[in-house]
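Grab a pencil and open the viewer. Work each exercise yourself before reading its solution.

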Amino acid sequence: MIKIIPPAEFKTIPWKNGKGLTTELAISEGGTLGCFDWRISSAAVVEDGQFSDFSGYQRHLVLLEGEGLVLTHDQASSDTLDHFLAVAAFSGNNKTWGELLNGPIVDLNLISNTSQYQTQVKVLHYFDSIDLDPESMHFIYSPENKAFLKNHSVDEEIILPANHLLQCMDSQQPIVQYSVSGASLIVMSLNLID
């Protein structure tokens, strides 16, 4: 199944902690802000502050705009996102504090239920191609350029416009092999836990 979600279908909702707004690009079927299997969103962070509590979830955060952000987890470990498409992965159980480096930023978030999924985020900074694991569900997002999804079984190519989200989940038999190519490209992969 290939689905392209355009910006017109994204939803603006309050943060879980009520201190800002987020743009929800996609959420698992039947999911709500308090209970979901996975969720992809984007948010502007305009001041330092505590991140929302997402205990039981894994978080991946990607810097889309701005000078950067330092994330401090449980007053111990930290992640510094100081360049375009920098990625941080951390537990939603953490008490995470965000400190802006030099003004507001915009980030992309993948949050997934750790009892359901193992997740991975890859970034293609320069034009390149990677194969997609046919056993996984994938989301592709390119904030600046169009991307290309190729179906190798029929030599077909799907073009993903910039700022659109593509969902790729194979439900066909036999399994179809896809690859994705592009620059400034975010590939989010979710593997169901048996």
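Below are four exercises on confidence, pockets and backbone angles.

This is a predicted model, so local features need pLDDT of at least 70 and side-chain atom pairs count only at pLDDT 80 or more, while totals for chains, interfaces and linings use all residues. Residues are numbered from 1 along each chain as its sequence is written, and side-chain values use heavy atoms, with hydrogens and water left out.

**Exercise 1.** Find which element has the lowest mean pLDDT and which the highest.

*Solution.* Start with the whole chain: its mean pLDDT (the predictor's confidence in each residue, from 0 to 100) is 92, and 97% of the residues reach 70 or more. Next, go through the elements; strands are DSSP runs of E, at least two residues, numbered from the N terminus. Strand S2 (residues 11-14) sits at the bottom with 88, and strand S6 (residues 57-65) at the top with 97.

**Exercise 2.** Describe the largest pocket by volume, lining and residue class.

*Solution.* First, the volume is about 380 Å³. Then list the lining: 26 residues, with Trp-15, Asn-17, Ala-43, Val-45 and Ser-52 nearest the centre. Now ask who supplies them. Strands S4 (38-45), S5 (49-50), S6 and S11 (105-113) each chip in at least two residues, and S4 gives the most, five. Finally, sort by class: eleven nonpolar, eight polar and seven charged. Here Ala, Val, Leu, Ile, Met, Phe, Trp, Tyr, Cys and Pro count as nonpolar, Asp, Glu, Lys and Arg as charged, and the others, Gly among them, as polar.

**Exercise 3.** Do the same for the second largest pocket.

*Solution.* Its volume comes out at about 210 Å³. The lining includes Lys-3, Glu-24, Trp-38 and Gln-167. Strands S1 (2-5) and S3 (21-27) are the elements giving two or more residues, and S3 has the largest share, four. By class, that lining splits into five nonpolar, one polar and four charged residues.

**Exercise 4.** Asp-74 has a positive phi without being a glycine, and so does Ser-184. Work out where each residue lies and whether it is buried or exposed.

*Solution.* Take Asp-74 first: its phi is near 55 degrees, and it lies in the loop between strands S7 (69-73) and S8 (77-81). With a relative accessible area of 43%, Asp-74 is partly exposed (buried means under 20%, exposed over 50%, partly exposed in between, with a 1.4 Å probe and protein chains only). Now Ser-184: phi is about 50 degrees, and the loop is the one between strands S18 (178-182) and S19 (185-192). At 9% relative accessible area, Ser-184 is buried.

Note on methods
1 Å grid on protein atoms, 1.4 Å probe; cavity = no way out; pocket = protein on both sides within 12 Å on 5 of 7 lines; lining within 4 Å. Points joined across faces, edges and corners; volume = space filled by probe spheres on them.
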